[in-house]
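This report describes strand pairing, helix packing and selected side-chain contacts. The sequence and structure are shown first.

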Amino acid sequence: MKKSTVAIGVVAAVLAAGYVGYTSMFGAEAVQVSAEVLEQKFAEYANPEAFVSAQEVKQMMDRDLDVVVIGALNPMKPDAPIEGSFSMWRPDYSAAKEAYEFDGMRNSVEEMESLLSSYGATPETTIVVYAANSHHDAARLFWQIKNLGHEDVRYLDGGLNAWIGEGFPTGNANPTVTASQYKAPAPQSEESALATLDMVLAAQNTADWVILDTRGTAEFDGSTTVSGAFGPGTIPGSVHINWTKALNDDTTLKSAEELQALYGDVIKGKKVIAYCQSGVRSAHTMMVLEEVLGAQDVYNYDGSWIEYSYAHYEQNRADIPVQSGAKKS
C-alpha cells in the first residue's frame with residue numbers, strides 16, 4: 001500500500017472519530033499509580049531524590065514552593081500540559097540546524113540558561129521534568145539540565161499519564177512569570193558529561209567498556225532505518241537492551257531489584273556508553289543506571305546513531321565500522 005493511501009486513511013479515520021477519537025488514539029493514556037507504592041520503590045533507588053510522584057508534584061505546586069515543572073511534549077499530539085507547567089519540545093532544547101551536519105544534538109549551555117531564565121528558575125529551584133506515554137523525552141531534559149550542574153532535578157515517574165490518572169488539572173500552562181538570570185552552577189565539560197565519537201571508537205572491543213544500544217530490535221539488527229539516520233546498522237560490539245525494558249506496563253520505572261537483574265551483569269565492572277538514534281532513549285537508560293543503580297562512569301552518546309551513521313555512510317570513514325549495515329556501492 002502506498003504511503004499516501006495510508007495517510008489519507010489515517011486522516012479520514014481521525015475526521016470520522018472527531019477530536020475525542022483523535023485524543024484517545026494519540027493522546028496520553030491515564031494510569032493510576034499509588035503514591036505510597038512509588039515512595040517505597042524510590043526508597044530503594046540509589047538516588048531517591050531524583051524521582052517524584054504526580055501526587056508530590058501537585059503538593060509542591062499547591063504550596064507554591066520554588067518549583068518549575070517542565071513538560072517535554074510533542075505539539076503534534078493532543079496532550080494538554082500539566083496546569084501551571086511549562087512545555088517545550090525537541091527543537092527548543094536541540095542545537096540549531098547550522099551547528100552540525102546532522103540533527104539531534106543538544107543545544108548550548110547558554111541556550112539552556114536562556115530557557116530556564118524564561119521560566120523564572122534559579123540554581124536553587126526544584127525542576128521537575130515530565131513527558132507523556134514513553135517519557136524518554138523527560139529523561140533527555142533531565143540529562144541536559146543535570147549537565148548544567150543543577151542540583152535538584154526530578155523525573156516525574158509515570159509522567160502526564162499518572163497526572164491525569166489522578167484527575168489533576170491540565171491546560172492553562174506556560175504561565176507568565178518574571179524572568180530570572182539563570183546561570184548554570186557547574187556546566188559539565190564534554191569529556192565528563194557525554195560520550196563523543198572518538199570515545200565510542202576507543203571503547204569498541206575494549207574490556208573496560210560496554211556500549212549499550214537502547215533502540216528497538218529492528219534498528220539494532222539493521223532491518224529498519226529511522227528517519228534522520230544515514231543508513232542501517234549498529235555500532236560493532238554493542239549490547240542490545242531496549243530502553244523500554246526498564247518500564248512497567250503503566251509506563252513507570254521498574255523496581256531497583258528488577259533493574260539490577262536487567263543491567264547488573266552487563267555493566268558490572270564496566271564503563272558504559274549508552275546510545276540510540278539521537279541520545280534521547282539512551283538518556284533514559286543513563287538516568288536509570290546512575291540514579292537507580294548508582295552506576296559510575298556512565299556516558300550518553302549525544303550524537304548516537306545519527307552521527308555514527310553520518311560518519312560511516314556520508315563521510316565514508318574507513319575507521320567507522322558498522323555491524324548489520326548496508327553494502328556500499
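## Basis of the description

Two strands are taken to pair if DSSP finds at least two bridges between them. The model examined here is predicted. Strands of a sheet pair through backbone hydrogen bonds, in either a parallel or an antiparallel manner.

## The sheet from β6 to β10

Five strands build an open sheet with parallel pairing, and their order is β6-β10-β9-β7-β8. The edges are occupied by β6 (194-195) and β8 (239-240); each has a single partner strand, so one side of each is left without a neighbour in the sheet.

At the β6 edge, two bridges connect β6 with the parallel strand β10 (residues 298-301). Within this pairing, Leu 194 has Asn 300 of β10 as its bridge partner. At the β8 edge, β8 is joined in the parallel sense to β7 by two bridges, and Val 239 of β8 stands opposite Leu 212.

## Strand β7 and its surroundings

Strand β7 (209-213) also pairs with β9 (271-275), in the parallel sense and over five bridges. Val 210 is placed opposite Val 272 of β9.

How many of the five residues of β7 are buried? Five of the five are, and the strand is accordingly described as mostly covered. The cover extends to both faces: Trp 209, Ile 211 and Asp 213 are buried on one side, and Val 210 and Leu 212 are buried on the other.

## Asn 300 in strand β10

Asn 300 belongs to strand β10. Is this residue buried or exposed? The relative accessibility of Asn 300 is 0%, and the residue therefore counts as buried, the cut-off being under 20%.

The side chain of Asn 300 has two listed partners. One is the backbone oxygen of Gly 279, reached at 3.1 Å. Another is the side chain of Ser 282, with which the Asn 300 side chain forms a polar contact at 2.6 Å.

## Helices α10 and α11

Helix α11 (residues 281-292) and helix α10 (residues 256-267) have axes that come within 11 Å and cross at roughly 105 degrees. The two helices are therefore roughly perpendicular to each other, since angles of 65 to 115 degrees fall in that class. On the α10 side the contact is made by Ala 256, Leu 259, Tyr 263 and Ile 267, and on the α11 side by Thr 285, Val 288, Leu 289 and Val 292. Classified by residue type, the contact of α10 with α11 contains seven nonpolar residues, one polar residue and no charged residues.

Helix α11 also lies across strands of the sheet, namely β7, β9 and β10, and runs at about 175 degrees to β10.

## The sheet from β1 to β5

Another open sheet is formed by five strands in the order β1-β5-β4-β2-β3, again with parallel pairing. Its edge strands are β1 (51-52) and β3 (86-88), each of which pairs on one side only.

Inside this sheet, three bridges join strand β4 (residues 126-130) to strand β5 (residues 153-156) in the parallel sense. Val 128 stands opposite Arg 154 of β5. Helix α5 (residues 136-146) lies across β2 (67-72), β3, β4 and β5, and its direction makes an angle of about 175 degrees with β5.

Methods
Residues numbered from 1 in each chain as written. Predicted model: local features only at pLDDT ≥ 70, side-chain atom pairs only at ≥ 80, totals over all residues. Heavy atoms only, no water. Axes fitted to C-alpha atoms, helices over the stretch in contact; angles between N-to-C directions. Helix = DSSP H or I, 4+ residues; strand = E, 2+ residues; numbered from the N terminus. Parallel < 35°, antiparallel > 145°, perpendicular 65-115°, else oblique. Contact = heavy atoms within 4.5 Å. Nonpolar A, V, L, I, M, F, W, Y, C, P; charged D, E, K, R; others polar. Buried < 20%, exposed > 50% of the residue type's maximum accessible area, 1.4 Å probe, protein only. Polar contact = N/O pair within 3.5 Å; in protein donor to acceptor, adjacent residues only side chain to side chain.
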